[in-house]
Amino acid sequence: MKKTTYLSSIISALNKLNGMGSLNEIYDVIEKEGRLSYIFSNPNWKDNVRATIQRHCIQTKSYRGSEDLFRSVYGLGEGYWKLKNFDSSEYDNPIIDRQLKMIANLDISNTEKEMIIKSRIGQGIFRDRIIQNMSIV
């Protein structure tokens with residue numbers, strides 16, 4: 001029987017989330033799957049999930065030559081990840097669809113809701129560049 005690892009659980013969770021999702025969504029799927037029984041006795045298991053993703057993403061400082069499997073969706077620090085080989089178009093984006101559902105109760109038009117969500121795209125990259133520029137000064 002093949003041992004379940006953090007990596008295999010993350011890949012399985014992202015596949016169930018149509019290839020991408022927030023860290024909280026990934027945690028929820030891993031918990032519901034229940035294949036990593038030791039997460040219930042390890043209070044730091046979510047840190048291990050995040051570290052595993054970062055070790056397998058060439059965009060991060062934690063990458064050490066492991067298989068490059070993940071990509072940051074909105075930029076590092078935003079907490080949204082996707083499987084590297086997953087493609088979605090701007091018009092068929094499950095993350096935007098899920099965020100629209102979360103803000104569905106706001107008293108604004110669907111166009112305004114979508115604009116709010118899309119305005120977040122790329123903010124992580126902008127944040128990283130500002131931090132990088134501030135450390136130069």
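**Exercise 1. Classify Arg-50 and find its salt-bridge partner.**

Is Arg-50 buried, exposed or partly exposed?

Step 1. Recall the cut-offs: buried means under 20% relative accessible area, exposed over 50%, and partly exposed in between (1.4 Å probe, protein chains only).
Step 2. Arg-50 has 30% relative accessibility, so Arg-50 counts as partly exposed.
Step 3. Asp-47, at 37%, is also partly exposed.
Step 4. Apply the salt-bridge rule: a side-chain nitrogen of Lys or Arg within 4 Å of a carboxyl oxygen of Asp or Glu. Arg-50 and Asp-47 pass, with their closest N and O atoms 2.7 Å apart.
Step 5. Place the pair. Both residues lie in helix α3 (residues 45-55), three residues apart, about one turn of the helix. Helices here are DSSP runs (H or I, at least four residues), strands likewise (E, at least two), numbered from the N terminus.

This is a predicted model: local features need pLDDT of at least 70, side-chain atom pairs count only at pLDDT 80 or more, and totals for chains, interfaces and linings use all residues. Residues are numbered from 1 along each chain as its sequence is written, and side-chain values use heavy atoms, with hydrogens and water left out.

**Exercise 2. Trace the other salt bridges.**

How many salt bridges are there by this rule?

Step 1. The count is five.
Step 2. Take Glu-33 and Lys-16, whose side chains meet at 2.8 Å, N to O. Glu-33 sits in helix α2 (residues 23-33) and Lys-16 in helix α1 (residues 6-16), so the pair ties together parts 17 residues apart in sequence.
Step 3. Widen the view: Lys-16, Glu-33 and Arg-35 are linked in a network of salt bridges.
Step 4. Turn to Arg-71 and Asp-68, which form a salt bridge at 2.8 Å, N to O. Both Arg-71 and Asp-68 are buried.

**Exercise 3. Describe how α1 meets α3.**

At roughly what angle do the axes of α1 and α3 cross?

Step 1. The axes (lines fitted to C-alpha atoms, for helices over the stretch in contact, with angles from 0 to 180 degrees between N-to-C directions) come within 10 Å and cross at roughly 80°.
Step 2. Contact means heavy atoms within 4.5 Å. Tyr-6, Leu-7 and Ile-10 in α1 meet Trp-45, Asn-48, Val-49, Thr-52 and Ile-53 in α3.
Step 3. In α3, Trp-45, Val-49, Thr-52 and Ile-53 are buried. Down the axis of α3, its buried residues fall within an arc of 100° (directions from the helix axis to the C-beta atoms), so they line one face of the helix.
Step 4. These buried residues pack against α1, α2, β2 (70-72) and β3 (80-83).
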